[in-house]
Amino acid sequence: AVHPGYGFLSEKAHFAKAVKQAGATFIGPSVDAISLMGDKIESKKTAKAAGVSCVPGTDEAVASQEEAKKIAKKIGLPVMIKAAAGGGGKGMRIARNEKELLDGLKSSASEAESSFSDGRVFIEKYIENPRHIEIQILADRFGNTLALGERECSIQRRHQKIIEEAPSSFLTDATRKAMQEQAIALAKAVKYESAGTVEFIVDQSGNFYFLEMNTRLQVEHRVTELVTGIDLVEQMIRVAAGEKLE
């Protein structure tokens, strides 16, 4: 079996497929789940269909500057330009006016192309001063899906997490419960198995919106392990071996 770690390689569907074709077991989710959740546009569509709250914005890649201006006018500035195949803060730009929108569209697409060989970008409403909350998911191939609490990673630099807090001191019990339910609903919608993380942003009023799903073990998985006492890597191996979650 092959465990891909937590780098970008772990979210490459073609790598998971190659491992399978070589006759080995890929310790992670299915190729289909990786492909679907790895595309930020398709993952948003899937989340909406599963009843998950999403940030207002486009469901398709932005094709032109004129289209970008129409979208920004409709949802209101500021907006966030994001790479469809993004990750790690790559290909993300905030636009507070038309010049920043057009400049950001170009630079975001360029960075996305160089980082992911995919220059598609889309636009979402930018949530001011958001809290970033990630729900740790663990699922097996028998449909059992668990939410192992949350990690708050609101303190960031250039969209890179610096401090993780678990549990979040910002969430109410009701909001926490609702976020976990939506994270589980999304995981079940893509028949997810293995460990994964569903990320949300939360505004100052407590409204939360789906951001993305990371179909891999994250660097900060140790925070959840220390809080819950559950070894996530061990569980990934057990799930890959066909065991049920106890």
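A polar contact here is a pair of N or O atoms within 3.5 Å; within protein, one must be able to donate a hydrogen and the other to accept it, and residues adjacent in sequence count only if both atoms are side-chain atoms. Keep that handy for the stops below.

Before you click: this is a predicted model, where local features need pLDDT of at least 70 and side-chain atom pairs count only at pLDDT 80 or more, while totals for chains, interfaces and linings use all residues. Residues are numbered from 1 along each chain as its sequence is written, and side-chain values use heavy atoms, with hydrogens and water left out.

**Stop 1: Gln204**

Select Gln204, in the loop between β8 and β9. Strands (E, at least two residues) and helices (H or I, at least four) are DSSP runs, numbered from the N terminus. What does the side chain of Gln204 reach at 2.4 Å? Show Asn129 and you'll find its backbone oxygen at the other end. Contact means heavy atoms within 4.5 Å, and not counting residues up to four places away in sequence, Gln204 touches Asn129 and Phe170. Now add Glu128: its C-alpha lies 8.4 Å from that of Gln204, though the two are 76 residues apart in sequence.

**Stop 2: the hairpin and its strands**

Widen the selection to β8 and β9, a hairpin with five residues between the strands. In the turn, pick out Gly206, whose phi is positive at about 95°. Two strands pair if DSSP finds at least two bridges between them; β8 and β9 (residues 208-214) run antiparallel and are joined by six. Try Ile201, which stands opposite Tyr209 in β9.

Next, bring in β4 (residues 131-139), which pairs with β8 in the antiparallel sense over nine bridges. Here, Arg131 stands opposite Val202 in β8.

Colour by accessibility, taking buried as under 20% relative accessible area, exposed as over 50% and partly exposed as in between (1.4 Å probe, protein chains only). How many of the nine residues of β8 are buried? Nine of them, so β8 is mostly covered.

**Stop 3: Glu199**

Stay in β8 (residues 194-202) and select Glu199. Is Glu199 buried or exposed? It counts as buried because its relative accessible area is 6%. Show the side chain of Lys161 too: a polar contact of 3.1 Å joins it to the side chain of Glu199. Leaving aside neighbours within four places in sequence, the contacts of Glu199 also include Ile133, Glu134, Tyr209, Phe210 and Gln218.

**Stop 4: backbone oddities**

Most residues other than glycine have a negative phi, and most peptide bonds are trans. Here are some exceptions to visit.

- Ser117 sits in the loop between α5 (98-116) and β3 (121-125). Its phi is near 55°, a positive value in a residue other than glycine. At 62% relative accessibility, Ser117 is exposed.
- Lys191 is in the loop between α6 and β8. Phi is positive here too, about 55°, although Lys191 is not a glycine. Its relative accessibility of 69% makes Lys191 exposed.
- Pro78 lies in the loop between α4 (65-75) and β1 (79-83). Look back along the chain to Leu77: the peptide bond from Leu77 to Pro78 is cis, with omega near 0°.
- Pro167 belongs to the loop between β7 (160-161) and α6 (173-189). A cis peptide bond joins it to Ala166, with omega about -5°.
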